[in-house]
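Subject: A structure to look through

Dear colleague,

I am handing over a structure for you to read alongside its sequence. Please open it first and keep it beside you while you go through the notes below.

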Amino acid sequence: MVKFTQLIGCLVLFFVVPPTTVAQNQIPIRENTPFVSLRADGGSSTGLPDSKRKAARVGQAIKVAPADPSDSTNKVAPTIVDHPRNKADTRNKADTTKHLDKPQLKIGGALRFNYNLSSWKKEQVKRGGDFGLDMFRIQVDASHKKLDFHAEYRFYSRSFGGSFLKDGYLTYHFNDSTNLAIGLVQNPFGNTTYNSHSWFFNLPYYLGFEDKASMGIRFHQRSNRWLYDLAFFKSAMELDFGDKTSIDLSRYSYDVAGRNKELNQGNVKTEYLLSENKRIGISGMLSGVYNIPTGNMGSRWAAALHTDLNFGKFNVKLQSMYYQYQLADSAQYKQSVSLGAYGSSYDVATKAYLHTASVSYTQPVKIGPLSSITFYENFSYMDKTQKGTSDTQMNVLGMMLKAGNLISYVDWAAGRNQPWLGPDWQNGLAIGNPDAKWSSRFNINIGYYF
């Protein structure tokens, strides 16, 4: 188990050494190899939360996300044949270097359908599972000289949060290696864009630490083999501007909800490129947590060590992190914090270690319209440090099939004390159940990306 003292020691090493390279000559960032990857970011209207995952941009990655709060299943993001299948490598659009004098506009989107069979839903098992609409999304990308614009809007079923903006931001490129993005921007923390390959993501997503976007500004720079990200986020996506209002739960990212709000968040992320397709990194995050009933400010912080490595057709993502909340709330509410997305919320332990290990293998094929198959195994473990709590585990074994613009994920996802993969929605990630059994969900997500 990664100890807290070890994480702190690594933080010191990574933050003291990297700055010495800032003065070095900058190297232009290589434009990402086009690839498509799906993700369970779009819950299905079948009433089963099909977690989330990547949504395909034109020539870039695809994402999707969970669905109904009582069903948990949308998450996917294996890479496609042309790309080293690094979800994380859809990386920031800010990394692109080509800027044309004439304005460029691209409009894309996706339509996804989902089939799922959940072991803990007895009536559904009798029916042989359910097949229905997952999500429809529209994506707009524009560029003119040094400015880029990106926005993605998603439409889910009413029970899964309805419609909402996944992310949207304006990016200014100072040069080929430095840019600044402002708006609803992805948090630079851990392996990005994704720390997983499956349509279900890994546990960090369900706790607000994977593919999470917030309202603020992010600075990105590459200097030789070093990548730097600095960001400040005023808040999570805000839809209600009342005096004492909780966040609206219709959103893609899991954000602090209920009695608290996340405010004034700072992120720092540093990565070192062992080669163009192998990187190791460290991330840190610190923010305020405003308590609505008392009007007092609490805090939270998190730190992570992460690697994203490609070996031929294999991709390996490893990450270990620790997070902690200090809530400025009444004593009876300090043991857990509420997180919300997709129209509902659940409770989460206020401190824990999260360890993830994800491996994928992409095989090009020529079987009719099928051009590649990506096999993946993603495991994540939540080690809760509070007395009386039971740990959470999650495992996804599956494959992604690519046939032109049609991408399908076939997953067998299993979990213990995982809200989206079991009967305990409210407390699975908080106190948990010591007698909880493993539950599983067989899931097929079919999406056409345009």
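Strands β10 and β15 run antiparallel and are joined by two bridges, and one place to look for this pairing is V256, whose bridge partner in β15 is L339. Please keep in mind throughout that this is a predicted model. The two strands belong to an open sheet of three strands, in the order β10-β15-β16 and with antiparallel pairing. In that sheet β10 and β16, the latter covering residues 344–349, are the edge strands, since each of them pairs on one side only.

For the wider setting, the protein chain contains three helices and 21 strands, and of its 450 residues 60% are buried. If you take the contacts in the chain with a separation of 6 or more, 68% of them are between residues that lie 24 or more positions apart. The chain exposes about 16,900 Å², and carbon and sulfur atoms supply 62% of that area.

A second group of strands is arranged around β8, which spans residues 213–223 and is mostly covered, with eight of its eleven residues buried. On the one hand, nine bridges join β8 to strand β7 (residues 178–186), the two running antiparallel, and here T178 has Q221 of β8 as its bridge partner. On the other hand, nine bridges also join β8 to strand β9 (residues 226–235), again in an antiparallel arrangement, with S223 standing opposite W226 in β9. Between β8 and β9 there are two residues, so that the strands form a hairpin, and N224 in the turn has a positive phi of about 55°. As you follow these strands, it may help to remember that in a regular strand the side chains alternate between the two faces of the sheet.

Next, I would ask you to find N175, which is located in strand β6 (residues 163–175). Is N175 buried, partly exposed or exposed? It counts as partly exposed, because its relative accessible area is 31% and the partly exposed class lies between the 20% and 50% limits. The side chain of N175 has a polar atom 2.9 Å from the backbone nitrogen of S177, and this side chain also reaches the backbone nitrogen of T178, likewise at 2.9 Å. N175 and Q221 are 46 residues apart along the chain, while their C-alpha atoms are separated by 9.5 Å.

Turning to charged side chains, the structure holds 17 salt bridges, and I describe a few of them here. R127 and D130 meet through their side chains in a salt bridge, at 2.8 Å from N to O. Which of these partners is exposed, and which is buried? R127 is exposed, because its relative accessibility is 52%, whereas D130 is buried, because its relative accessibility is 18%. Another salt bridge is formed by D255 and R251, whose closest N and O atoms are 2.8 Å apart, and in this case both D255 and R251 are buried.

The side chains of R259 and D329 also meet in a salt bridge, at 2.8 Å from N to O. This pair links distant parts of the chain, for R259 is in the loop between β10 (255–256) and β11 (260–275), while D329 is in the loop between β14 (314–326) and β15 (336–341), 70 residues apart. R259 is partly exposed, with a relative accessible area of 29%, and D329 is buried, with a relative accessible area of 7%. Elsewhere, salt bridges that share partners join K212, R251, D255, E262 and R300 into one network.

Finally, there are the nonpolar cores, and the largest of them has 48 residues, of which L207, Y254, Y323 and M382 touch the most other members. What does M382 contact, once its neighbours within four places in sequence are left aside? Its contacts include L203, L207, Y323, V348, A349 and L429. Another core lies apart from the largest one and consists of five residues, among them Y169, A181, A231 and F233.

With best wishes,
A colleague

Technical notes:
Residues numbered from 1 in each chain as written. Predicted model: local features only at pLDDT ≥ 70, side-chain atom pairs only at ≥ 80, totals over all residues. Heavy atoms only, no water. Salt bridge = Lys/Arg side-chain N within 4 Å of Asp/Glu carboxyl O. Buried < 20%, exposed > 50% of the residue type's maximum accessible area, 1.4 Å probe, protein only. Helix = DSSP H or I, 4+ residues; strand = E, 2+ residues; numbered from the N terminus. Core = buried A, V, L, I, M, F, W, Y, C linked by side-chain atoms within 4.5 Å. Contact = heavy atoms within 4.5 Å. Polar contact = N/O pair within 3.5 Å; in protein donor to acceptor, adjacent residues only side chain to side chain. Pairing = 2+ DSSP bridges. Areas by Shrake-Rupley, 256 points an atom, 1.4 Å probe, with all protein chains shown as cover.
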